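Q: I'd like to zoom in on one small part of this protein and see what surrounds it. Could you walk me through it slowly?

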Amino acid sequence: MPDSSLAAAFKDLTGDVGFYLGFGRGTDNSDTVWTTIQQAAVDRCVKGGLRNFYHCGYDWSFLRPVLTATLPSGATFIPLPEDFGGIEGEVTVSSSGATGFIPIPITGDVRPQYAITPDATGRPQMACIDPIKGTGSARGQRFNLYVYPAADQEYTLQFAYYLNPGYLDGV
């Protein structure tokens with residue numbers, strides 16, 4: 001299928017912002033070279049425009065992807081994607097040969113269950129989201145999805161999540 005006749009390259013977007021700000025369209029568009037300050041202003045405007053688009057009040061379906069992940073036998077957690085922003089709806093679990101997915105509740109913490117029965121295994125009955133230590137200036141918050149009990153076989157977990165969109169990169 002051909003691209004839309006309205007498709008615009010990243011350089012077109014930044015060039016239009018630079019032109020609007022009075023800096024010209026920039027070297028990517030065979031125009032005036034921007035200073036570091038001008039480039040920063042263009043980047044701020046593009047980021048602000050993206051935030052306005054993503055969070056305009058419309059429920060964009062592309063910001064709610066469905067994750068299907070494998071929970072290996074013996075595992076108690078799976079790492080969540082770097083763009084994870086929260087669960088949308090319920091977590092479901094299925095095993096090989098099962099006819100469907102069974103919903104499991106999201107709780108605040110599954111560690112109390114492990115304190116009571118630390119060696120429990122079986123089909124996951126509950127889950128919780130746990131932040132991973134190590135957030136810094138160059139790395140945002142990351143999360144794991146913990147389940148109880150530990151998997152007695154390989155399971156498939158599935159759920160929709162809120163996507164934390166990234167900045168356009170022109171690629």
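Leaving aside its neighbours within four places in sequence, which residues is S94 in contact with?

A: Sure, and keep in mind that this is a predicted model. Once you skip the neighbours within four places in sequence, S94 is in contact with G100, F101, Y155 and T156. One of these, G100, also gets a polar touch: the side chain of S94 reaches the backbone oxygen of G100 at 3.3 Å.

Where does S94 sit? You'll find S94 in strand β3. S94 counts as buried because its relative accessible area is 11%, and the cut-off for buried is under 20%.

Now hop along to T92, which lies in strand β3 as well. T92 is buried, again with a relative accessible area of 11%. With neighbours within four places in sequence left out, T92 is in contact with F101, I102, P103, T156, L157 and Q158. So F101 and T156 turn up in the contacts of both S94 and T92, if you go by the cut-off of heavy atoms within 4.5 Å.

L157 is a handy link to the bigger picture. The largest nonpolar core has 29 residues, and L157 is among those with the most contacts inside it, along with L71, I78, L80, L145 and F159. Strand β3 (84-95) is one of the elements that give two or more residues to this core, and the others are α2 (36-54), β1 (66-71), β7 (142-148) and β9 (155-163). In soluble globular proteins, nonpolar side chains tend to be buried together.

Take I78 from that core: not counting residues up to four places away in sequence, I78 touches A69, T70, L71, N144, L145 and L157. Apart from the largest core lies another one, of seven residues, including V110, Y114, A120 and A150.

Charged side chains get a look too. R142 forms a salt bridge with E82, with the closest N and O atoms 3.5 Å apart. This pair links distant parts of the chain, since R142 is in strand β7 while E82 is in the loop between β2 (77-79) and β3, 60 residues apart. R142 is buried, with a relative accessible area of 14%, whereas E82 is exposed, at 59%. Elsewhere, salt bridges that share partners join D59, R64 and E88 into one network. Side chains of opposite charge can pair when their charged atoms come close.

How values were computed
Residues are numbered from 1 along each chain as its sequence is written. This is a predicted model: local features need pLDDT of at least 70, side-chain atom pairs count only at pLDDT 80 or more; totals for chains, interfaces and linings use all residues. Side-chain values use heavy atoms; hydrogens and water are left out. A nonpolar core is a set of buried Ala, Val, Leu, Ile, Met, Phe, Trp, Tyr and Cys residues joined through side-chain atoms within 4.5 Å. Buried means under 20% relative accessible area, exposed over 50%, partly exposed in between (1.4 Å probe, protein chains only). Helices (H or I, at least four residues) and strands (E, at least two) are DSSP runs, numbered from the N terminus. A polar contact is a pair of N or O atoms within 3.5 Å; within protein, one must be able to donate a hydrogen and the other to accept it, and residues adjacent in sequence count only if both atoms are side-chain atoms. A salt bridge is a side-chain nitrogen of Lys or Arg within 4 Å of a carboxyl oxygen of Asp or Glu.
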